[in-house]
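Open the structure in your viewer and keep the selection tool at hand. The tour below says what to select at each stop and what is there.

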Amino acid sequence: MLDTRFKRYFPNERPNTALVSSERTQVTMVKAIATESYGGYRKRSYQTDPDGSIQLHPSSSSRLHLWDHLRDIFLPQGYPDSVSPDYIQYQAWDTLQAFCSGVSGSLALQGVLKGAGVGDSSASIAATTATWLLRDGVGMLGRIGFAWMKGSVLDCDAKKWRLAADVTNDFAIALEATIPLISTVPALSIVLFCFASLAKAMVGVAGAATRAALTLHQARRENMADVAAKDGSQETLVNLFALIISMLLTYLITNNTRISLLLLVLLCCVHLYANTCAVRCLVMPSLNQARLRLLLEHFLNTRTVAPPSAINYKEPVWPPWTSGIEICLGVPLHEVIYSISDLRRARGALNPHYLISPPARGRVRVVLHSQASAQDIVQASVQAHLLVAYWERTRCVDRQKEGWQLVDQSGAEACAIWSDLSHGLEFQGWRLGASLLHADEWRAQWDAKLIGTADKVE
């Protein structure tokens, strides 16, 4: 009856399935009163029945598809809103490199076992045990030494050290793969065995530290633990696949050294390519020395501040990483000041909380005050980079006698551009409060009367 009346008055329209007919043929409109979603991808709506009860809309499904289950298992909760925009691209390249690393490591395992004395009828159990313990001991010492020497710079240059760790890992695998070729010289085999362990120890420290820095960058809801846990699940799954492939390859080419080496070279090349793509796709909005130098070069040429995506794409990840002159922040006072006149001339132009001297022995040294803030350190770095630019444009014969004049010129330039530069940095989304400019821990206090008054440039 209802369909007949509908077609009589609306011959070209289809009846709405949301219309409900009661026993008295009274038509009631079903209303959607609410919608919801889980993580932005499970969407459903609620509607009211004629009797006022609330239920799911018939088109809404509470069943989860396979992709939804995989997303919950291997991706952080709230993805993609809970992670950085570069997360999935980085993880895709990281998955490829982890697979290549796992397979190549399994192929080199034969060299590791031969280096330990497995398969050698003349090797005793005590000698094999001693070789293995020596390998572990060298690795432990390597981890401690590398963390002591380079631990403080791994945060500042996380992308570079991430790539350096993977290059070192390939080098260690290559050393392990060559051990069977020199098995006739036991002493040399043991040396290569220990060097490979030392290289892998450095890889472990640098890889874990930079992975933590990248996790901090990717976590956008204070969910570092979740991001790290799901990254571990992804890596475990990849290693499982790599293990299966490695078992098949070991069965097929275990006695063919030439094919093993060719396959190992191919995997290492793919591994390096995937790692390069992985670190290049990262867009980190914090400032380190390399990104600040590129920012200033772009600003001085165009008078505009480039966004983090453009600067991160240009950031060098392969050596040489720095220019000829290194910028050292937080150095002791005696490395910059030799007289009262030096104290007056070294006064920072942008704020009174740093002292800067002309380049000497390949370094620009900056003394930081005990009250220097994160923005003060950024301002000191800006003047230091401008000083390096003036220094490189000056003839070699004039550098020494014009050193302090170059400090004054860089200070004047820094004061002229800082207002536009700081506003541009804030507008483009750069983080000035969490800079990674690698300032050492030396802090000094000096008498402001000796250097004169200096207003802080906001």
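**Stop one: H3 and H7**

Select H3 and H7, which pack at an angle of about 150 degrees with their axes 11 Å apart. An angle over 145 degrees counts as roughly antiparallel, so H3 is roughly antiparallel to H7. The model you are viewing is predicted. The crossing of H3 and H7 is left-handed.

Now show the side chains at this contact. From H3, pick Tyr87, Tyr90, Gln91 and Asp94; they meet Arg211, Leu214 and Gln218 of H7. By class, the contact of H3 with H7 has three nonpolar, two polar and two charged residues.

**Stop two: a cavity lined by H3 and H8**

Keep H3 (87-107) selected and add helix H8 (224-253); each supplies at least two residues of the lining of the largest cavity. Which residues line the largest cavity? Select Gln91, Asp94, Thr95 and Ala98, then Asp231, Gln234, Glu235 and Val238. The largest cavity has a volume of about 40 Å³, and the count of cavities of 30 Å³ or more comes to one. The lining of the largest cavity divides into two nonpolar, three polar and three charged residues. Gln91 and Asp94 also belong to the contact of H3 with H7.

**Stop three: H6 and H7**

Return to H7 (residues 186-218) and add helix H6 (residues 158-178): their axes come within 8 Å and cross at roughly 155 degrees. That angle makes H6 roughly antiparallel to H7. The crossing of H6 and H7 is left-handed.

On the H6 side, the residues in contact include Trp161, Arg162, Phe171, Ile173 and Glu176, and on the H7 side they include Phe195, Lys200, Val203, Gly207 and Arg211. The contact of H6 with H7 is made up of 15 nonpolar, five polar and four charged residues.

**Stop four: the largest pocket**

Leave H7 and keep H6, then add helix H5 (125-150), helix H10 (289-302), strand S6 (326-329), strand S8 (363-368) and helix H13 (374-393); each of these elements, H6 among them, supplies at least two residues of the lining of the largest pocket. What is the volume of the largest pocket? It is about 870 Å³.

To find the centre of the largest pocket, select Val153, Glu326, Ile327, Cys328 and His438, the closest to it of the 33 residues in the lining. S6 gives the most to the lining of the largest pocket, with four residues. By class, the lining of the largest pocket has 16 nonpolar, eight polar and nine charged residues.

Note on methods
Residues are numbered from 1 along each chain as its sequence is written. This is a predicted model: local features need pLDDT of at least 70, side-chain atom pairs count only at pLDDT 80 or more; totals for chains, interfaces and linings use all residues. Side-chain values use heavy atoms; hydrogens and water are left out. Axes are lines fitted to C-alpha atoms, for helices over the stretch in contact, and angles run from 0 to 180 degrees between N-to-C directions. Angles under 35 degrees count as roughly parallel, over 145 as roughly antiparallel, 65 to 115 as roughly perpendicular and the rest as oblique. A crossing is left-handed if the near helix is turned anticlockwise from the far one by less than a right angle, and right-handed if clockwise. Contact means heavy atoms within 4.5 Å. Ala, Val, Leu, Ile, Met, Phe, Trp, Tyr, Cys and Pro count as nonpolar, Asp, Glu, Lys and Arg as charged, and the others, Gly among them, as polar. On a 1 Å grid over the protein atoms alone, a cavity is a set of points where a 1.4 Å probe fits but cannot get out, and a pocket is an open set with protein on both sides within 12 Å along at least five of seven lines; lining residues have an atom within 4 Å of a point. Grid points are joined across faces, edges and corners, and a volume is the space filled by probe spheres set on the points.
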